[in-house]
Structure formats: C-alpha cells, structure tokens
Amino acid sequence: MMTKPPQSRGGGGGGGGALGRRGFAALLAAAVIALALLCLFYGAAFAPTLRSRRLPLQRRFEAVPADLALSSLPVCDARYSELIPCLDRGLHNQLRLRLNLSLMEHYERHCPPAHRRLNCLIPPPAGYRVPIRWPRSRDEVWKANIPHTHLASEKSDQRWMVVNGDKINFPGGGTHFHTGADKYIVHLAQMLNFPNGKLNNGGNIRNVLDVGCGVASFGAYLLPLDIIAMSLAPNDVHENQIQFALERGIPSTLGVLGTRRLPYPSHSFELAHCSRCRIDWLQRDGILLLEVDRVLRPGGYFVYSSPEAYAMDPINRNIWRKMSDLARRMCWQIASKEDQTVIWIKPLTNECYMKREPGTLPNMCDRDDDPDAAWNVPMKACVTPYSERVHKVKGSNLLPWPQRLTAPPPRLEELGISSNNFSDDNEIWHFRVIQYWKLMKSEIQKDSFRNVMDMNANLGGFAASLRKKDVWVMNVVPSTESGKLKIIYDRGLLGTIHN
C-alpha cells in the first residue's frame, strides 16, 4: 500500500481554529482508542495453548457501545513541534530553576509542574513528509522533517552531514573519523586483534554505549556487525543531534553524564566509546568515568579517541597523566594504544580491587549500595565491586550473540525468575508477534516500521520476537520493576527505565 505524504501545515493557534486540525485530532484519537482495544483483545486471545504452569491469557471483553462519543484532543501550537517536556530549557528559565551549568544539570530531566503541562497533540513541522524508509534513511533524511541545517555548516569539514536540496545526507564522518566510521571501526578491531577485523569479536561484543554520539554515525555503522549501540547525547547547542539519529532509524536517546546515574543497570555494555566527546573525566574525583565503569561489563572496553591521548603539548600531557593514574587506581589496564586512540579494559574479577593499598581513591562502593538502581539516583564517586557469582566465574558468563537472545541469562536468579518462566515468556511473545503481523499484513509494507518502543517491556520478549524484522526496539521498564532491565541488556537488547 502506498502512503501519500500529508499536506504542509501552516502556523496557527494553540488548539482551536481550522476544521482540518480538529478533524486530524479527532481521527487520531479515534485511531489510538481503536488500536488500543484491538491490541488488548488480540494480545490476550492469540496466546498459544499453555501448559499448566502458565497463567491463562484468555479474557472476555464487552462490546463497545454504539453511541460511544470520542472526545478530540487539541493540537499544540506549531511552535511546540519539537517540544520535549522534561528537557525544555525555556521553561527551566521561566521557573528560575537553580541548575549548576558546570555539572550539566540543565541537560538533565526537570519536568514541568502540573499547571505548566500541555495536554495537546504535538504537531509535525511545516512541510513534514513520511520519513525515508530504512535502510536508505541511514544515509539521507528529509530536511523538512528536521529543519536544522546549522550543524551541517558547522561540521562540514568533518563530514557529519551535508544539505543536498530537500534532503540531508550523512556521509558517515565524525569529529575523529573524517574518512568514515566504517574504517574507524575496523581500526578498533585491529587494535584489539579481534578475528577477521570485526569488532563484534565473534558475538562477544553486542551492547555498546556511545557517549557524545553526534548524529550517531558510529552506531549506524556498527549495525551490520550485529552490534547495537545506545547512542547518547544531550539536547544542546548542536540542535538535538538525537533527533537526526532517530530520523535515520539509529538506536539513540537523549541523555548526559551530569549528576545522576544513567538510566541503565550495572554491567550492561561490553564497550563504551568516547570520540572527542568533550567530557572532563577528571572532575569530581573521576565520578563520570566511574559511572562508565558501573555500566561496563566485566572485561569491558572503554575506547577513548581524544587529543589527551596523543597531543604533546603541556596541557594535554598533564590531563593524560592524571587520567592514566585514575584508570590505574580503578584497576583498568591499557589493552591497546595507537595513533589517536587508547583502549582500556576493565578487570574480570575483584582480585585487583582487593589488592589496592588501604586508603586508595576512589573508594569501593558500600556493599549495601544497589549498583542497578538508576532512576533519579545521584552518581557516586566509588568503584562498583562484582558480586560473588561474577567474581567466581570470572565474567558475566553470557553466551555470544545471537545465542544470548533466547538463553536464560545468569542474572535471572537475582529476580527469582525461573528458566522455565523465561522460556514460556519467549514462546508466548513469539506467537503473539506472528499474529500481530498477520493482522497488519494488508495495511503495512516490509519497511513500514523501524523505530519501535515497548512501553512495558517486562523481560524483552516482544523485542526478542522481532529479531528477524528490520527494526530496533527501545524497551521501557517501569522504575518499580527496574531490575528487569538488566535481563533485557543481558539478552543483547536495549532499553531504559521510566516512571
């Protein structure tokens, strides 16, 4: 089925006015309600025949009353087309929030009070077009959908992006890898002596954290290697780089290393990457580097491409000495250093931590500190030790990708979930996804979907069942069940915590 791009929208009021706008809102509200009812019904009705230990999923639903009236939601004013409610710095200024700019607090979440929240539909920008489909979208998007061209001129010499008529093209360059992310990624694999020059290391590197990701070209060129990166950047003067990344169909999210922990559990990533990310890793006793350490798996890598690693001037040499000393006290070792890049590796066990001299800083975190607590939790300038299980087996004990996707991960036992329950959940979601696609078959094309959000992801069964589809899933876990997010990451998927 061919889809016709919507007509351009002009400016216009805060929710009233044109008939077309009211009609759009009413139709959208009706469609959302109808889809919700459909999902509720079929999500329960299409479960497979369950063995006795499973919970029954069948449920009866009353017929929808014929006279049901659907109330329409107003459409926000056009100036709100890029509103991010909890990252609205204009509102922060109006509310006179006392935020420490040097600690990046102004890039962290600060949600509006109830009386300042909008209850309207966010409109698309004028001239919005149906997005270019994946995989073409990796290399080009419609300029009208993200009307920001400042970054193209500012980073023109680094080949971040190029304006080309009504499109924006992405040549694959970056501040550090002007010749292309693909060549840079091969170079990293060669530095680590990985087989066949592939950074995935036979499936042992799957989850990557890219800090200060720009327009996420590093993450884009990891995807062919079956590596999935959480590309992270703030909504800063670069005019929302993450908006470009998502329009391209690349896994990414807004975030910053500021004062709060990143919304990920401990030991989530095999590799963290910083390419000219302009982060002061030495501030506050190394608290930001210690946060990276928290989310790195045992034996994980930190790839650092920055002038401090190679420049010979006195200022950069001094930074390098201090950063090297901090990494040594954190028990990191240099796995490789070449040209403009250094790669550190994290220890597999607690052995190095136990051998540190008394009084060595940073301290070890308290035993009663929960390293997986990550929703609105302040960062701590301490080293997170491993559990007795990790120390004993010398690592995460995860299978390579893709086997880890469906194999019960070792940390299931921390949640009291049995392997049988985990396997049952996989089977249920596999069947459900087949039924969903059958229902939508007449309405969609193969490339209709790219960015998917599971708004209550549980153990990630829905996302796992989509593996053969050309999509990626942001698995959202409620803060009241945050422990489940580590299972999602241990399966080689991505996600975040929210309330």
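**Stop 1: a pocket**

Select β4 (207-211), α5 (217-222), β5 (228-233), β7 (269-275) and α7 in this predicted model. Each of these elements supplies at least two residues to the lining of the second largest pocket. Colour α7 separately: α7 gives the most to this lining, with three residues. The pocket has a volume of about 760 Å³. Its lining counts 41 residues, and the closest to the pocket centre are G212, D236, R276, C277 and R278. Show those five as sticks to mark the middle of the pocket.

**Stop 2: H267**

Now select H267, which sits in the loop between β6 (252-254) and β7. Is H267 buried or exposed? H267 has a relative accessible area of 9%, and buried means under 20%, so H267 counts as buried. Next, show what H267 touches beyond its neighbours within four places in sequence. R294, V295, L296, R297 and P298 are in contact with H267. So much for that run; add K346, Y386, R411 and D490, which H267 also contacts.

**Stop 3: helix α8**

Select residues 314-329, which form helix α8. The helix has 16 residues. From first C-alpha to last, α8 reaches 23 Å, close to the 22 Å expected at 1.5 Å a residue. Which residues of α8 are buried? They are N316, R317, W320, M323, L326 and A327. An α-helix has 3.6 residues a turn, so residues three or four places apart point the same way. Keep that in mind while looking along the helix axis. Then bring up the cover over these buried residues, which includes α7 (283-295), β8 (296-305), β9 (333-338) and β10 (341-345). Before leaving, click C331, just after α8. C331 takes a positive phi of about 70°.

**Stop 4: a three-stranded sheet**

Go to the open sheet with strand order β1-β3-β2. Its three strands pair in the antiparallel sense. Why is one side of β1 and of β2 left without a neighbour in the sheet? β1 (140-142) and β2 (162-164) stand at the edges, each with a single partner strand, so one side of each has no neighbour there. From one strand to the next, the twist averages 30°. Zoom in on β1 and β3 (residues 167-169), which run antiparallel and are joined by three bridges. To see one of the pairs, select E140 and its bridge partner in β3, N169.

**Stop 5: β13, β14 and β15**

Finish with parallel pairing. Strands of a sheet pair through backbone hydrogen bonds, either parallel or antiparallel. Select strand β13 (residues 451-454) and β14, which pair in the parallel sense over four bridges. M453 stands opposite M474 in β14. Now add strand β15 (residues 494-498). How many bridges link β14 (residues 472-478) to β15? Five bridges do, again in the parallel sense. Pick out N475, which stands opposite G495 in β15. Then pick V477, whose bridge partner in β15 is I497.

Last, switch on the surface. β14 is mostly covered, with six of its seven residues buried. β15 is mostly covered too: four of its five residues are buried.

Technical notes:
Residues numbered from 1 in each chain as written. Predicted model: local features only at pLDDT ≥ 70, side-chain atom pairs only at ≥ 80, totals over all residues. Heavy atoms only, no water. Pairing = 2+ DSSP bridges. Axes fitted to C-alpha atoms, helices over the stretch in contact; angles between N-to-C directions. Expected span 1.5 Å × (residues − 1). Buried < 20%, exposed > 50% of the residue type's maximum accessible area, 1.4 Å probe, protein only. Contact = heavy atoms within 4.5 Å. 1 Å grid on protein atoms, 1.4 Å probe; cavity = no way out; pocket = protein on both sides within 12 Å on 5 of 7 lines; lining within 4 Å. Points joined across faces, edges and corners; volume = space filled by probe spheres on them.
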